[in-house]
Amino acid sequence: MDFPKNELKLDLFPKGLHFSISEIVALIGKQDISKASKRVELLRDVAHDQLNVGKYCDVDIKWRRAYYLSSFIQAFCQVCEKHASEVILKVCDEGLLMGAPVSGFSIHDIIGWTRPRYTSSVDKPSINCSIEQTALPVLRNPVQRLSRLPTLEEWINIRQAGKPILIAQGASLMNWPALEKWSFEYLWEKFKGRTVPIEEGAKYTDENWGQRLRKFDDFLDSFNDKNIKSYLAQHPLLEQAPELYDDIDFPDYCFTESSDDPEVNAWIGPAGTVSSLHTDNKFNLFSQILGKKYFIFADQKFSSLIPAVNKVMFNSSKLEVEDQEVWTSSGIIFEDCIVEEGDLLYIPKLYWHYVRSLSPSISLSIWFK
Ligand SMILES: O=C(O)CCC(=O)C(=O)O
(Lines give C-alpha, C1' and ligand atoms only; values in the text may rest on other atoms or scores of the structure.)
Protein backbone atom coordinates (compact mmCIF):
# COMPACT_ATOMS: atom_id res chain seq x y z
CA MET A 1 0.00 0.00 0.00
CA ASP A 2 1.28 3.51 -0.86
CA PHE A 3 0.83 6.10 1.86
CA PRO A 4 0.07 9.60 0.52
CA LYS A 5 3.28 11.63 0.91
CA ASN A 6 1.77 15.10 1.38
CA GLU A 7 -0.17 14.13 4.46
CA LEU A 8 2.88 12.53 6.03
CA LYS A 9 4.72 15.83 5.91
CA LEU A 10 2.04 17.32 8.14
CA ASP A 11 3.38 18.35 11.48
CA LEU A 12 0.84 16.25 13.35
CA PHE A 13 3.00 15.45 16.33
CA PRO A 14 5.00 17.89 18.46
CA LYS A 15 8.72 18.31 17.99
CA GLY A 16 10.80 16.45 20.55
CA LEU A 17 9.39 13.01 19.86
CA HIS A 18 12.18 10.73 18.75
CA PHE A 19 10.49 9.67 15.56
CA SER A 20 7.86 10.85 13.13
CA ILE A 21 5.04 9.32 11.14
CA SER A 22 7.20 9.36 7.98
CA GLU A 23 9.91 7.35 9.76
CA ILE A 24 7.32 4.81 10.81
CA VAL A 25 6.02 4.58 7.25
CA ALA A 26 9.63 4.08 6.09
CA LEU A 27 9.90 1.16 8.54
CA ILE A 28 6.74 -0.33 7.03
CA GLY A 29 8.34 0.11 3.58
CA LYS A 30 11.32 -1.91 4.84
CA GLN A 31 8.91 -4.58 6.15
CA ASP A 32 10.00 -3.88 9.73
CA ILE A 33 6.38 -4.04 10.87
CA SER A 34 7.13 -4.99 14.44
CA LYS A 35 9.25 -1.84 15.06
CA ALA A 36 6.75 0.34 13.15
CA SER A 37 3.92 -1.06 15.21
CA LYS A 38 5.64 -0.36 18.56
CA ARG A 39 6.47 3.21 17.54
CA VAL A 40 3.05 4.09 16.17
CA GLU A 41 1.46 2.72 19.33
CA LEU A 42 3.51 5.22 21.29
CA LEU A 43 2.46 8.11 19.05
CA ARG A 44 -1.14 7.00 19.35
CA ASP A 45 -0.86 7.06 23.16
CA VAL A 46 0.54 10.60 23.01
CA ALA A 47 -2.39 11.71 20.85
CA HIS A 48 -4.87 9.87 23.06
CA ASP A 49 -3.57 11.64 26.18
CA GLN A 50 -4.06 14.98 24.43
CA LEU A 51 -7.68 14.10 23.60
CA ASN A 52 -8.33 13.79 27.30
CA VAL A 53 -6.86 17.14 28.36
CA GLY A 54 -9.60 19.66 29.18
CA LYS A 55 -12.95 19.72 27.41
CA TYR A 56 -13.25 17.50 24.31
CA CYS A 57 -14.67 20.36 22.21
CA ASP A 58 -11.55 22.45 22.99
CA VAL A 59 -9.08 19.78 21.78
CA ASP A 60 -6.95 21.02 18.88
CA ILE A 61 -8.10 19.33 15.66
CA LYS A 62 -4.42 18.47 15.06
CA TRP A 63 -4.56 15.93 17.91
CA ARG A 64 -7.72 14.36 16.57
CA ARG A 65 -6.08 13.98 13.15
CA ALA A 66 -2.94 12.61 14.77
CA TYR A 67 -5.06 10.05 16.63
CA TYR A 68 -6.88 9.04 13.43
CA LEU A 69 -3.65 8.68 11.47
CA SER A 70 -1.83 6.71 14.16
CA SER A 71 -4.91 4.45 14.58
CA PHE A 72 -4.90 3.86 10.83
CA ILE A 73 -1.20 2.93 10.80
CA GLN A 74 -1.46 0.79 13.92
CA ALA A 75 -4.40 -1.13 12.43
CA PHE A 76 -2.47 -1.46 9.16
CA CYS A 77 0.49 -3.00 11.03
CA GLN A 78 -1.91 -5.31 12.87
CA VAL A 79 -3.34 -6.49 9.54
CA CYS A 80 0.22 -7.22 8.34
CA GLU A 81 0.95 -9.08 11.56
CA LYS A 82 -2.33 -11.02 11.29
CA HIS A 83 -3.74 -9.89 14.64
CA ALA A 84 -7.26 -11.03 15.61
CA SER A 85 -9.92 -9.17 13.62
CA GLU A 86 -11.58 -8.09 16.88
CA VAL A 87 -8.41 -6.27 17.96
CA ILE A 88 -7.99 -4.53 14.59
CA LEU A 89 -11.65 -3.44 14.43
CA LYS A 90 -11.35 -1.94 17.92
CA VAL A 91 -8.35 0.20 16.94
CA CYS A 92 -10.17 1.27 13.75
CA ASP A 93 -13.34 2.25 15.60
CA GLU A 94 -11.44 4.15 18.28
CA GLY A 95 -9.76 6.08 15.45
CA LEU A 96 -13.14 6.82 13.86
CA LEU A 97 -14.87 7.68 17.13
CA MET A 98 -12.21 9.96 18.62
CA GLY A 99 -10.13 11.02 15.64
CA ALA A 100 -10.68 13.37 12.72
CA PRO A 101 -10.17 12.05 9.17
CA VAL A 102 -6.91 12.60 7.31
CA SER A 103 -7.35 12.53 3.54
CA GLY A 104 -5.78 9.60 1.75
CA PHE A 105 -5.98 7.32 4.81
CA SER A 106 -9.26 5.47 5.01
CA ILE A 107 -9.88 3.55 8.20
CA HIS A 108 -13.01 2.27 6.43
CA ASP A 109 -10.76 0.41 3.97
CA ILE A 110 -9.10 -1.48 6.82
CA ILE A 111 -12.51 -2.23 8.33
CA GLY A 112 -13.61 -3.56 4.91
CA TRP A 113 -10.66 -5.99 4.79
CA THR A 114 -11.10 -7.09 8.39
CA ARG A 115 -14.86 -7.44 8.93
CA PRO A 116 -15.34 -10.62 6.89
CA ARG A 117 -12.87 -12.40 9.21
CA TYR A 118 -14.74 -11.51 12.41
CA THR A 119 -16.78 -14.25 14.07
CA SER A 120 -19.06 -13.14 16.87
CA SER A 121 -19.00 -15.01 20.17
CA VAL A 122 -22.72 -14.26 20.67
CA ASP A 123 -25.64 -15.53 18.61
CA LYS A 124 -27.46 -13.44 16.05
CA PRO A 125 -30.23 -11.74 18.04
CA SER A 126 -33.89 -12.44 17.70
CA ILE A 127 -35.55 -9.35 19.14
CA ASN A 128 -39.30 -9.03 19.15
CA CYS A 129 -40.63 -5.47 18.84
CA SER A 130 -44.33 -6.23 19.27
CA ILE A 131 -46.09 -4.94 22.39
CA GLU A 132 -49.45 -5.44 24.05
CA GLN A 133 -52.00 -2.77 23.21
CA THR A 134 -52.47 -2.29 26.97
CA ALA A 135 -48.80 -1.24 27.32
CA LEU A 136 -49.46 1.82 25.17
CA PRO A 137 -49.87 5.04 27.19
CA VAL A 138 -53.21 6.80 26.81
CA LEU A 139 -52.48 10.16 25.20
CA ARG A 140 -53.45 13.12 27.39
CA ASN A 141 -52.92 16.07 25.03
CA PRO A 142 -51.89 14.76 21.58
CA VAL A 143 -49.64 16.91 19.39
CA GLN A 144 -50.92 17.87 15.96
CA ARG A 145 -50.85 14.97 13.51
CA LEU A 146 -50.55 15.13 9.73
CA SER A 147 -51.32 12.08 7.59
CA ARG A 148 -49.36 13.23 4.54
CA LEU A 149 -46.13 15.04 3.77
CA PRO A 150 -46.57 18.82 4.12
CA THR A 151 -45.92 20.97 1.05
CA LEU A 152 -42.92 23.29 1.40
CA GLU A 153 -45.31 26.19 1.87
CA GLU A 154 -47.05 24.35 4.71
CA TRP A 155 -43.64 23.50 6.13
CA ILE A 156 -42.70 27.19 6.36
CA ASN A 157 -45.91 27.69 8.38
CA ILE A 158 -45.10 24.69 10.57
CA ARG A 159 -41.69 26.16 11.34
CA GLN A 160 -43.20 29.53 12.12
CA ALA A 161 -45.79 27.97 14.44
CA GLY A 162 -42.91 26.53 16.49
CA LYS A 163 -44.86 23.46 17.69
CA PRO A 164 -44.01 19.76 17.37
CA ILE A 165 -45.93 17.90 14.70
CA LEU A 166 -46.23 14.19 14.01
CA ILE A 167 -46.00 13.42 10.28
CA ALA A 168 -47.58 9.97 10.33
CA GLN A 169 -45.67 7.58 8.02
CA GLY A 170 -43.55 10.55 6.84
CA ALA A 171 -40.41 8.41 6.34
CA SER A 172 -42.49 5.66 4.68
CA LEU A 173 -43.97 8.19 2.28
CA MET A 174 -40.42 9.16 1.34
CA ASN A 175 -39.69 5.46 0.67
CA TRP A 176 -36.67 5.20 2.93
CA PRO A 177 -35.00 1.83 2.25
CA ALA A 178 -34.09 1.71 5.96
CA LEU A 179 -37.72 0.93 6.76
CA GLU A 180 -37.56 -2.23 4.66
CA LYS A 181 -34.00 -3.24 5.45
CA TRP A 182 -33.16 -2.34 9.02
CA SER A 183 -33.79 -4.79 11.80
CA PHE A 184 -31.71 -5.74 14.83
CA GLU A 185 -30.50 -8.77 12.85
CA TYR A 186 -29.48 -6.54 9.91
CA LEU A 187 -27.58 -4.13 12.14
CA TRP A 188 -25.97 -7.08 13.91
CA GLU A 189 -24.61 -8.26 10.54
CA LYS A 190 -23.36 -4.75 9.73
CA PHE A 191 -21.86 -3.88 13.11
CA LYS A 192 -20.82 -7.14 14.78
CA GLY A 193 -17.33 -6.73 16.18
CA ARG A 194 -17.57 -2.93 15.91
CA THR A 195 -17.05 -0.71 18.95
CA VAL A 196 -19.84 1.70 19.91
CA PRO A 197 -20.47 3.99 22.92
CA ILE A 198 -23.19 2.61 25.18
CA GLU A 199 -25.00 4.40 27.99
CA GLU A 200 -25.74 2.31 31.05
CA GLY A 201 -28.24 3.24 33.74
CA ALA A 202 -31.93 4.06 33.90
CA LYS A 203 -31.52 7.60 32.51
CA TYR A 204 -28.70 10.03 31.90
CA THR A 205 -29.77 12.40 34.67
CA ASP A 206 -29.27 9.64 37.30
CA GLU A 207 -26.21 9.58 39.58
CA ASN A 208 -25.27 5.99 38.72
CA TRP A 209 -25.47 6.52 34.95
CA GLY A 210 -22.34 5.93 32.87
CA GLN A 211 -21.01 5.39 29.38
CA ARG A 212 -18.55 2.84 28.03
CA LEU A 213 -17.32 1.47 24.74
CA ARG A 214 -18.75 -1.96 23.91
CA LYS A 215 -18.92 -4.31 20.99
CA PHE A 216 -22.20 -3.85 19.13
CA ASP A 217 -23.04 -7.58 19.20
CA ASP A 218 -22.44 -7.75 22.97
CA PHE A 219 -24.65 -4.68 23.38
CA LEU A 220 -27.56 -6.32 21.50
CA ASP A 221 -27.01 -9.47 23.55
CA SER A 222 -27.49 -7.40 26.73
CA PHE A 223 -31.12 -6.54 25.79
CA ASN A 224 -32.23 -9.58 27.78
CA ASP A 225 -30.41 -8.43 30.92
CA LYS A 226 -33.14 -7.04 33.17
CA ASN A 227 -30.61 -5.62 35.68
CA ILE A 228 -28.98 -3.06 33.44
CA LYS A 229 -30.51 -0.77 30.83
CA SER A 230 -28.11 -0.28 27.91
CA TYR A 231 -28.74 2.41 25.34
CA LEU A 232 -26.85 3.38 22.18
CA ALA A 233 -27.98 6.98 22.39
CA GLN A 234 -27.33 10.05 20.28
CA HIS A 235 -24.53 8.39 18.36
CA PRO A 236 -23.49 9.18 14.76
CA LEU A 237 -23.58 5.46 13.90
CA LEU A 238 -23.86 6.08 10.16
CA GLU A 239 -20.40 7.68 10.21
CA GLN A 240 -19.11 4.24 11.22
CA ALA A 241 -20.76 2.56 8.20
CA PRO A 242 -21.33 5.39 5.69
CA GLU A 243 -23.05 3.07 3.18
CA LEU A 244 -26.07 3.23 5.52
CA TYR A 245 -26.64 6.84 4.44
CA ASP A 246 -28.04 5.31 1.21
CA ASP A 247 -30.92 3.90 3.26
CA ILE A 248 -32.29 7.29 4.26
CA ASP A 249 -33.05 10.48 2.42
CA PHE A 250 -32.64 13.92 3.96
CA PRO A 251 -36.06 15.57 3.59
CA ASP A 252 -36.11 18.90 1.71
CA TYR A 253 -37.57 20.33 4.93
CA CYS A 254 -34.06 20.28 6.43
CA PHE A 255 -32.79 22.78 3.87
CA THR A 256 -35.37 25.57 3.87
CA GLU A 257 -33.26 27.82 6.14
CA SER A 258 -29.75 26.42 5.70
CA SER A 259 -27.82 24.38 3.17
CA ASP A 260 -25.63 22.76 5.86
CA ASP A 261 -25.62 18.96 6.00
CA PRO A 262 -27.91 17.71 8.76
CA GLU A 263 -26.45 15.76 11.67
CA VAL A 264 -27.77 12.20 11.99
CA ASN A 265 -27.72 10.38 15.31
CA ALA A 266 -28.91 6.86 16.05
CA TRP A 267 -30.87 5.77 19.14
CA ILE A 268 -30.97 1.99 19.58
CA GLY A 269 -32.11 0.21 22.70
CA PRO A 270 -34.47 -2.22 24.42
CA ALA A 271 -37.94 -1.33 25.74
CA GLY A 272 -37.89 1.10 28.66
CA THR A 273 -35.00 3.41 27.74
CA VAL A 274 -35.68 6.92 28.99
CA SER A 275 -34.30 10.24 27.76
CA SER A 276 -35.10 12.74 30.51
CA LEU A 277 -36.87 15.99 29.70
CA HIS A 278 -34.38 18.16 27.78
CA THR A 279 -33.97 20.66 24.97
CA ASP A 280 -31.62 20.59 21.97
CA ASN A 281 -30.06 23.47 20.14
CA LYS A 282 -31.10 22.23 16.68
CA PHE A 283 -34.37 21.51 14.85
CA ASN A 284 -35.09 17.81 14.65
CA LEU A 285 -36.88 15.47 12.28
CA PHE A 286 -36.99 12.38 14.44
CA SER A 287 -37.67 9.19 12.51
CA GLN A 288 -38.81 5.90 13.93
CA ILE A 289 -37.37 2.96 12.01
CA LEU A 290 -38.41 0.08 14.26
CA GLY A 291 -40.57 -0.18 17.39
CA LYS A 292 -42.49 2.52 19.23
CA LYS A 293 -41.63 5.46 21.49
CA TYR A 294 -43.66 7.71 23.77
CA PHE A 295 -42.89 11.44 23.73
CA ILE A 296 -43.92 14.22 26.11
CA PHE A 297 -43.32 17.87 25.15
CA ALA A 298 -43.37 21.28 26.79
CA ASP A 299 -42.98 24.66 25.11
CA GLN A 300 -39.87 26.70 25.82
CA LYS A 301 -42.11 29.38 27.38
CA PHE A 302 -42.51 27.04 30.39
CA SER A 303 -38.75 26.89 31.03
CA SER A 304 -39.01 28.90 34.27
CA LEU A 305 -41.26 26.14 35.68
CA ILE A 306 -38.85 23.38 34.70
CA PRO A 307 -35.99 22.88 37.18
CA ALA A 308 -32.63 22.21 35.50
CA VAL A 309 -30.49 19.32 36.77
CA ASN A 310 -27.66 21.77 37.56
CA LYS A 311 -25.77 24.70 36.01
CA VAL A 312 -23.87 22.44 33.64
CA MET A 313 -26.91 20.37 32.61
CA PHE A 314 -29.07 23.47 32.27
CA ASN A 315 -30.94 21.98 29.29
CA SER A 316 -31.99 18.80 31.13
CA SER A 317 -34.46 18.25 33.94
CA LYS A 318 -35.31 15.42 36.32
CA LEU A 319 -38.99 16.46 36.33
CA GLU A 320 -41.06 13.23 36.36
CA VAL A 321 -43.22 14.25 33.44
CA GLU A 322 -45.08 10.94 33.17
CA ASP A 323 -46.72 11.62 36.59
CA GLN A 324 -50.29 12.84 36.25
CA GLU A 325 -49.70 15.04 39.32
CA VAL A 326 -47.01 16.98 37.38
CA TRP A 327 -49.44 17.42 34.47
CA THR A 328 -52.12 18.83 36.72
CA SER A 329 -50.22 20.94 39.21
CA SER A 330 -46.97 22.20 37.63
CA GLY A 331 -48.62 24.95 35.58
CA ILE A 332 -46.95 23.52 32.48
CA ILE A 333 -49.07 22.51 29.49
CA PHE A 334 -47.64 19.22 28.27
CA GLU A 335 -48.38 17.55 24.96
CA ASP A 336 -47.67 13.94 24.01
CA CYS A 337 -47.59 11.43 21.17
CA ILE A 338 -46.52 7.91 20.26
CA VAL A 339 -44.22 7.49 17.27
CA GLU A 340 -44.49 4.30 15.27
CA GLU A 341 -42.42 2.66 12.55
CA GLY A 342 -42.23 4.95 9.51
CA ASP A 343 -43.29 8.12 11.36
CA LEU A 344 -41.44 11.43 11.28
CA LEU A 345 -41.71 13.75 14.23
CA TYR A 346 -40.76 17.40 13.96
CA ILE A 347 -39.35 18.85 17.19
CA PRO A 348 -38.58 22.59 17.11
CA LYS A 349 -35.28 23.86 18.44
CA LEU A 350 -35.28 24.35 22.24
CA TYR A 351 -38.64 22.59 22.68
CA TRP A 352 -38.59 20.43 25.82
CA HIS A 353 -39.02 16.72 25.13
CA TYR A 354 -38.97 13.50 27.14
CA VAL A 355 -38.81 10.06 25.49
CA ARG A 356 -39.49 6.49 26.65
CA SER A 357 -39.20 3.48 24.36
CA LEU A 358 -42.27 1.25 24.48
CA SER A 359 -40.57 -1.64 22.70
CA PRO A 360 -37.07 -2.46 21.47
CA SER A 361 -36.46 0.43 19.16
CA ILE A 362 -34.30 1.86 16.38
CA SER A 363 -34.64 5.59 15.67
CA LEU A 364 -32.68 8.32 13.97
CA SER A 365 -32.72 12.00 14.78
CA ILE A 366 -31.90 14.35 11.95
CA TRP A 367 -30.76 17.64 13.42
CA PHE A 368 -30.69 20.68 11.15
CA LYS A 369 -30.48 24.46 11.33
O1 LIG B 1 -35.16 8.76 21.49
C2 LIG B 1 -34.67 9.23 22.52
O3 LIG B 1 -34.47 8.55 23.54
C4 LIG B 1 -34.30 10.70 22.58
C5 LIG B 1 -34.38 11.39 21.26
C6 LIG B 1 -34.05 12.85 21.38
O7 LIG B 1 -34.02 13.40 22.43
C8 LIG B 1 -33.73 13.61 20.18
O9 LIG B 1 -33.77 13.07 19.06
O10 LIG B 1 -33.43 14.81 20.34
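1. A residue counts as buried if 20 or more other C-beta atoms lie within 10 Å of its own, with C-beta atoms placed from the backbone. That cut-off applies to helix H7 below. Note that this is a predicted model.

2. Helix H7 covers residues 152-161. Of its 10 residues, the number buried is zero, so H7 lies largely in the open. Gly162 follows H7. The phi of Gly162 is positive, near 65 degrees.

3. The domain assignment splits the protein chain into domain 1 (5-117) and domain 2 (133-368). Their C-alpha centres are 34 Å apart.

4. The two domains do touch. Nine residues of domain 1 are in contact with six residues of domain 2. On the domain 1 side, helix H5 (residues 85-98) gives the most, with seven residues. By class, that side of domain 1 has five charged, two polar and two nonpolar residues.

5. Now the ligand. Which residues are around the ligand? They are Trp267, Thr273, Ser275, Asp280, Asn284, Phe286, Lys293, His353, Val355, Ser363 and Ser365. Three strands give two or more residues each to this shell: E8 (283-290), E12 (352-357) and E13 (361-368).

6. What is the make-up of the shell around the ligand by class? Six residues are polar, three are nonpolar and two are charged. The charged ones are Asp280 and Lys293. The nonpolar ones are Trp267, Phe286 and Val355.

Conventions
Residues are numbered from 1 along each chain as its sequence is written. This is a predicted model: local features need pLDDT of at least 70, side-chain atom pairs count only at pLDDT 80 or more; totals for chains, interfaces and linings use all residues. Domain bounds come from an automatic or database domain assignment. Two residues are in contact if their C-beta atoms, placed from the backbone, lie within 7 Å. Helices (H or I, at least four residues) and strands (E, at least two) are DSSP runs, numbered from the N terminus. A residue is near a molecule or strand if its C-beta atom, placed from the backbone, lies within 6 Å of it. A residue is buried if 20 or more other C-beta atoms lie within 10 Å of its own, exposed if 12 or fewer, and partly exposed in between; C-beta atoms are placed from the backbone.
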